[in-house]
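Trainee: I've just opened this one and don't know my way around yet. Can I fire some questions at you?
Mentor: Go ahead.

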Amino acid sequence: MTISDTPVPLRRVGASGLLVSAVGLGCNNFGRPGTKSETLAGTIEVLDAAIDSGVTFLDTADMYGGEPGQSETLMGDALQGRRDRVVLATKFGHPGRDMGYATVGAKTSRSYIRTAVEASLRRLKTDWIDLYQLHVPDADTPIAETISALDDLVAAGKIRYYGHSNMSGWQIAEADFTAADRGSRFISAQNHYSLLARGAEREVLPAVQRFGLGFFPYFPLQNGLLTGKFTREGGPEGSRIMMQRRHVWQNAPWDALERYQAFCDERGITMLAATFGWLLSRPSLSSVIAGATSADQVRSNAAAAAAWTPSAAELATIDELFPLPDDPAA
Ligand SMILES: NC(=O)c1ccc[n+]([C@@H]2O[C@H](COP(=O)([O-])OP(=O)(O)OC[C@H]3O[C@@H](n4cnc5c(N)ncnc54)[C@H](OP(=O)(O)O)[C@@H]3O)[C@@H](O)[C@H]2O)c1
């Protein structure tokens, strides 16, 4: 379901009652060293532009920021007085960063979740989280325990809905069956997905559709590569790709990207519009949670929500440009 009388259309997240802006904001730039939004002033600037242009779905995680927790802390400060104007999603349980919680148990255990949610609520300066996402599946905790702990948080009013991230197809099925036994459900999945990373089409997206989940693609712009501002010769020096993730540019399939640029030029659209248009045409897609490092970027992304809708023939051409790779790990 789509509601289009808002600046950016709203979409339903899977089979739930949650509505989110079809273009969202990935918030892992808040508190990131070297970006404008490392500071509170920079964070406020990006969030002001987002809210004013209808980008009201905000996706963060407890571990984002130069210091773990910093993205949530900056967002909590920046959203004071207007918390109810956004749909706030965060995540818990990433194995790669120690949040410093004095708790026993693995990172999706009952004990850990109870501690993690209180810390996120404190940093975000809010009484509730709209969507609480398990960041990475954890082999040490039975999924039934995680679901039971999340159901308790819903009952206590601390979270409204819960979802997962980085699950494989079979893990999505296991999570759904286990939750259904309790009359509960995960409402969403978040996985790496873009024109240059289509591996989720093998197992994850069919499972997402089968179980009625909403889908949030992460790295939807391939860190900015799919916005049109890079060429074979280089890209903006201040961009994260050039500063920190040069391999994304170095290893890019430039022949295909140049044909993609020509495809956009023939239609008089920007690559940014084509990239958003393609993502928004994907089944089950709820929101494109693109990151942004400036107010202008977030405004351009909001405008891209309705800039171009591909035809079936155009989707087929894009499939030829960026086919599903043979390597199942891609
Ligand atoms: N669940 C997970 O495990 C997981 C993992 C990673 C990310 N995520 C989520 O996915 C979100 C998005 O990831 P991401 O930000 O790393 O990648 P992304 O959305 O693919 O790329 C965003 C970057 O592209 C550039 N950009 C954005 N809009 C632009 C525009 N209109 N014009 C020109 N450049 C533009 C900006 O970088 P520059 O200005 O530096 O060029 C921006 O930071 C994260 O914030 C997070 O919420 C989730």
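Trainee: How far does a polar side-chain atom of arginine 240 lie from an oxygen atom of the ligand?
Mentor: The distance is 2.6 Å. Keep in mind that this is a predicted model.

Trainee: Which residues come nearest to the ligand?
Mentor: Asp59, Leu221, Lys229, Arg240 and Thr293. They belong to a set of 31 residues around the ligand.

Trainee: What about asparagine 28 and glycine 26?
Mentor: Asparagine 28 has an N or O atom in its side chain 2.9 Å from a ligand oxygen. With glycine 26 the polar atom is in the backbone, and a ligand oxygen is 3.5 Å from it.

Trainee: How much of the ligand's accessible area does the protein cover?
Mentor: The cover is 93%. On its own, the ligand has 920 Å² of accessible area.

Trainee: Let's zoom out. How many helices and strands are there?
Mentor: The protein has 12 helices and 11 strands. Its radius of gyration is 19 Å, and the globule rule gives 20 Å for 330 residues. Those values are close, so the protein is as compact as a globular protein of that length.

Trainee: What box do the C-alpha atoms fill?
Mentor: Roughly 55 × 45 × 40 Å, taken along the principal axes.

Trainee: And what share of the residues is buried?
Mentor: 56% of the 330 residues count as buried.

Trainee: Why is helix H10 called largely enclosed by the rest of the structure?
Mentor: Because 10 of its 10 residues are buried. The helix covers residues 271-280. Among the buried ones are Met271, Phe276 and Trp278. Gly277 is in that list too.

Trainee: How does strand S9 compare, mostly covered or mostly open?
Mentor: Mostly covered. S9 runs over residues 188-192, and four of its five residues are buried.

Trainee: In which sense does S9 pair with strand S8?
Mentor: In the parallel sense, over two bridges. Strand S8 covers residues 159-165. Histidine 164 stands opposite alanine 189 in S9.

Trainee: What holds paired strands together, generally?
Mentor: Strands of a sheet pair through backbone hydrogen bonds, and the pairing is either parallel or antiparallel.

Trainee: Where can I see antiparallel pairing?
Mentor: Look at the open sheet of three strands, in the order S1-S2-S3. Its pairing is antiparallel. S1 (2-3) and S3 (19-21) are the edge strands, and each pairs on one side only.

Trainee: How many bridges do S2 and S3 pair over?
Mentor: Three. Strand S2 is residues 10-12. Leucine 10 stands opposite serine 21 in S3.

Trainee: New topic. How many salt bridges does the structure hold?
Mentor: 16. Start with arginine 232 and aspartate 255, whose side chains meet at 2.7 Å, N to O. This pair links distant parts of the chain, 23 residues apart. Arginine 232 is in the loop between strand S10 (214-218) and helix H7 (240-243). Aspartate 255 is in helix H9, residues 254-267.

Trainee: Are those two buried or exposed?
Mentor: Neither word fits. Arginine 232 has 36% relative accessibility, so it counts as partly exposed. Aspartate 255 has a relative accessible area of 48% and is partly exposed.

Trainee: Which salt bridge sits within helix H11?
Mentor: Aspartate 296 and arginine 299 meet in a salt bridge, 3.1 Å from N to O. They are three residues apart in H11 (residues 295-304), so about one helical turn separates them. Aspartate 296 counts as exposed at 51% relative accessibility. The cut-off for exposed is over 50%. Arginine 299, at 43%, counts as partly exposed.

Trainee: Any buried partner in a salt bridge?
Mentor: Try glutamate 201 with arginine 198, where the closest N and O atoms are 2.7 Å apart. Arginine 198 counts as buried, at 5% relative accessibility. Glutamate 201 is at 23%, so it counts as partly exposed.

Trainee: Last one. What about alanine 295?
Mentor: Alanine 295 has its place in helix H11. At 8% relative accessibility, alanine 295 counts as buried. Alanine 295 and valine 248 are 47 residues apart in sequence. In space they are 24 Å apart, C-alpha to C-alpha.

Terms used:
Residues are numbered from 1 along each chain as its sequence is written. This is a predicted model: local features need pLDDT of at least 70, side-chain atom pairs count only at pLDDT 80 or more; totals for chains, interfaces and linings use all residues. Side-chain values use heavy atoms; hydrogens and water are left out. Two strands pair if DSSP finds at least two bridges between them. A salt bridge is a side-chain nitrogen of Lys or Arg within 4 Å of a carboxyl oxygen of Asp or Glu. Buried means under 20% relative accessible area, exposed over 50%, partly exposed in between (1.4 Å probe, protein chains only). A residue is near a molecule or strand if one of its heavy atoms lies within 4 Å of it. A polar contact is a pair of N or O atoms within 3.5 Å; within protein, one must be able to donate a hydrogen and the other to accept it, and residues adjacent in sequence count only if both atoms are side-chain atoms. Accessible areas come from the Shrake-Rupley method with a 1.4 Å probe; for residues, only the protein chains shown count as cover. The radius of gyration is taken over C-alpha atoms; the globule rule is 2.2 Å times the number of residues to the power 0.38.
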